[in-house]
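Subject: A structure for you to explore

Hi,

Here is the structure I promised to pass on to you. Open it next to this email and follow along as you read.

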Amino acid sequence: MDVSELSLDARLIAVLRERGVKELFPPQVEAVRAGVFDGVNVLLCTATASGKSLLAEVASVKAALEGRMALYAVPLKALAQEKLVHFSHYRGLAKIGISTGDFESDDRRLYEYDVVVVTYEKLDSLLRHRPSWLSSVGVVVVDEIHYLGDPKRGPVLESIIAKVRHLGLKTQFIGLSATVGNAGDVARWLGARLVASSWRPVPLREGVYHGGKIYFSDGGQRAVGGAGGEAEVTLAVDAVASGGQALIFTSSRSSTVRIAKAVARAVAAYPAKLIDVGEAQALAGAVLGASTSKIIGRELAELVARGVAFHNAGLELEVRRLVEEGFRRGVIKVIVSTTTLAAGVNLPARRVVVADYERFDPVVGREEIPVLEYRQMAGRAGRPGLDPYGEAVIVARSRGEVDYLMDRYVRGRVEDVKSHILSGPNLRAHALGAVGGGYARTIDDLVDFFSNTLGYHQVKTSLKSALLRSKVADAVDELVEWGFLERDGDLVYATELGRQVARLYLDPETAARYINLLKAVRRGAVSAYLYIVLTAPDFPRVRRGRVSREVAEEVLSALDVEEEDEEFEDVVRTVAMLKAWIEEVDEDEIYERFEVAPGDLRVYVDLFEWLGGAAARLAGVVGLEEHRRGLERVTARVVYGVKEELLELVTALRGVGRVRARVLYNFGYKTLRDVARASVREIASLPGFGEKLARSVIEQARQLVE
């Protein structure tokens, strides 16, 4: 089907042609016929690179041209940023916005936009606030809809859809995924037409590698290197030598670095030139300049200079962006990644190598990755317009594993998406959100609300209505016990505290723990405030090193908690790490002491900005003003990574972070008034400042002190 045949605004068709889209792929044609541009709910379960995201973008902009809003929901902030770039093609036709944080805000400013890219959690939070502009939403796109099966994000998606249905919005749902085992079941729940296809623009061959051979699923074999040598290295260099690129997925962060170094040595030793040395060295310089950790920056830059990179959650977003862009431009030939890269970032390669099919889980030990995850990785194989084919190869460690891996993964069926919303913690959280957001006023209302979820749809018993009522009643009883709800017979009301918990998008159990700990604080102390906020399960735990007795004693002197508990020790290690951060310890020292890299630190800071701020608000609601102020100060220090004496400078002056603020302070500019009185020449002469920045900070300071 030629794009000129589509019943779209001529301006939209012109944008498609500018992007090189002249004819639709077969799955796209099927989706158009299913009604994706006609307001029909559609679930698109088609292969990676088959064009489903393009259709969702066009449907969103089409709605905007018709005077309606579109919301495009993704699971991760990084994907939201990437999607914003994709929508830049349509900026002449629609005003594009993004909203991924501040769960307490209803973001009234979003009404100014035609298309808004949001994370799942932000969209659910917006629906709890029920801003007036919701009535103008005409399209809701749910990208990566297989996240319905995720224990944490899945219930959020179900809650979103239940709220939209409750509000009676005339909204089209478009679900996108390459990997849903029970797509028909999910489509029926959504009330959507299913478009399912395995068609790909680049043919995919899948196989298992062992002993110098790839055994393909079609019965063919191909020799690659010898039986010796590291399998991942052999497969990657072979792909590069044949004019392609390779993505290697491995189970741990340390192995991404180890394998990348081995590949770089092999690329350098190859008899023919495989990379553009000049471009690679220029990119290496940019990577080194962007990395706040010189240890990690140097290690990565040395590899990038040889056309290879590692990619994991320890890297800062800007460094990851440079690596990904370098790969897209072909400067980097091989990336070795943890599965962070597989979760939707669009980086296709000639060959995808799955080095490990097991990973370590701290709770259950070694476990096999699901087929869904393998499919997400395998789907990256084949660059449209560049590769004649794509190859996905999973590595077997013994000959006996070849047949097992072929049956389990290459020929295996993707797991069914199963709901988690009716489990206790999820049910409590979303019941409070429903009552606090005005979606339910009685037990019956709550039963009706949850009967719109996938979880209810999947219950296989004739007594499921009675079962749901029983679960809802138990959840309400717990919320009443915590003081978040009040019950009068069948009527249910959110208390002021409960409404605040719902607005803050807090897990009720975490909120109850925060309140109990704050009420038990014997004296305000930085370590105690850090400890309280870090007890939330959202935070990863620092497990390297001995427990700091000094930090432990400071916590124990302020709080009555169980010292011998293993959880206590893990939280105290994490407190010690963040305490080093707010005492302005260098990021490389933090990395060496705690194995917390800059990318990890950014996760802690973002989470603490939300949860520390939420704990402070709760303290205010329950009348603990001293602790509210203490938590606000500690949260600000974590956000900026500074001692308390620098807070005035870093919070007020744009362009001044922890390093420049310390320079100002040490040179005698300790307050905004000090900066306002300074001359441009004085500030410009300081390390890290130039004339332009000096003029800016002085002008800001003068405006603030006048």
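Let's begin with strand β11, which spans residues 246-249 and is covered on both faces. Ala 246 and Ile 248 are buried on one side, while Leu 247 and Phe 249 are buried on the other. Please keep in mind throughout that this is a predicted model.

What runs alongside β11? Strand β13, residues 334-337, is parallel to β11 and is joined to it by 4 bridges. Strand β14, residues 351-354, also pairs with β11 in the parallel sense, again over 4 bridges. You can pick out individual partners here: Ile 248 stands opposite Val 336 of β13, and Phe 249 has Val 354 of β14 as its bridge partner.

Val 336 deserves a click of its own. This residue sits in strand β13, and it counts as buried because its relative accessibility is 0%, where anything under 20% is called buried. Which residues does Val 336 touch, leaving aside its neighbours within four places in sequence? Its contacts are Ile 248, Thr 250, Ser 255, Thr 256, Ile 259, Ala 260, Ala 309, Phe 310 and His 311. Try finding Ala 236 as well: Val 336 and Ala 236 are 100 residues apart in sequence, yet their C-alpha atoms are 9.7 Å apart in space.

Next, have a look at helix α4, residues 77-87. Its buried residues are Leu 79, Ala 80, Glu 82, Lys 83, Leu 84 and Phe 87. What do they pack against? Their packing partners are the helices α3 (52-65) and α12 (317-328), together with the strands β2 (69-74), β3 (96-99) and β4 (115-119).

Now for the nonpolar cores. In soluble globular proteins, nonpolar side chains tend to be buried together. The largest nonpolar core in this model holds 123 residues, and Phe 450 and Leu 578 are the ones that touch the most other members. Helix α25, residues 598-621, supplies the largest share of this core, with 11 residues. A second, separate core has 74 residues, including Phe 216, Ala 246, Ala 349 and Val 393. You have met Ala 246 already, as one of the buried residues of β11.

Going back to Phe 450, its contacts are Ile 421, Leu 422, Leu 427, His 430, Ala 431, Tyr 456, Leu 468 and Val 472, not counting residues up to four places away in sequence.

Leu 427 also turns up in the surroundings of Ala 475, which is in contact with Leu 427 and Arg 428 once neighbours within four places in sequence are left aside. Ala 475 belongs to helix α18, residues 464-481. With a relative accessibility of 4%, Ala 475 counts as buried. Ala 475 and Arg 428 are 47 residues apart in sequence, but 5.1 Å apart from C-alpha to C-alpha.

What about empty space? Rolling a probe the size of a water molecule over the atoms shows where it is left. A search of the whole structure finds 5 cavities of 30 Å³ or more. The largest cavity has a volume of about 50 Å³. Its lining is made up of Thr 48, Ala 49, Arg 200, Asn 346, Pro 348, Gly 379, Arg 380, Ala 381 and Gly 382, which divide into 3 nonpolar, 4 polar and 2 charged residues.

There are pockets to look at too. The second largest pocket encloses about 470 Å³. Of the 22 residues lining it, Ala 47, Ala 178, Thr 179, Ser 198 and Arg 375 lie nearest its centre. At least two lining residues come from each of β1 (42-46), β7 (193-197), β8 (204-210) and α13 (371-378), and α13 gives the most, with 3. By class, the lining of this pocket has 9 nonpolar, 9 polar and 4 charged residues.

Last, a point about the backbone. Most residues other than glycine have a negative phi. Where are exceptions found? Tyr 505 is not a glycine, yet its phi is positive, at about 60°. Tyr 505 lies in the loop between α19 (496-503) and α20 (508-520), and it counts as buried because its relative accessibility is 10%. Glu 595 also has a positive phi of about 60° without being a glycine, and its place is the loop between α24 (587-594) and α25.

Enjoy exploring!

Best wishes

Terms used. Residues are numbered from 1 along each chain as its sequence is written. This is a predicted model: local features need pLDDT of at least 70, side-chain atom pairs count only at pLDDT 80 or more; totals for chains, interfaces and linings use all residues. Side-chain values use heavy atoms; hydrogens and water are left out. Buried means under 20% relative accessible area, exposed over 50%, partly exposed in between (1.4 Å probe, protein chains only). Two strands pair if DSSP finds at least two bridges between them. Contact means heavy atoms within 4.5 Å. On a 1 Å grid over the protein atoms alone, a cavity is a set of points where a 1.4 Å probe fits but cannot get out, and a pocket is an open set with protein on both sides within 12 Å along at least five of seven lines; lining residues have an atom within 4 Å of a point. Grid points are joined across faces, edges and corners, and a volume is the space filled by probe spheres set on the points. Ala, Val, Leu, Ile, Met, Phe, Trp, Tyr, Cys and Pro count as nonpolar, Asp, Glu, Lys and Arg as charged, and the others, Gly among them, as polar. A nonpolar core is a set of buried Ala, Val, Leu, Ile, Met, Phe, Trp, Tyr and Cys residues joined through side-chain atoms within 4.5 Å.
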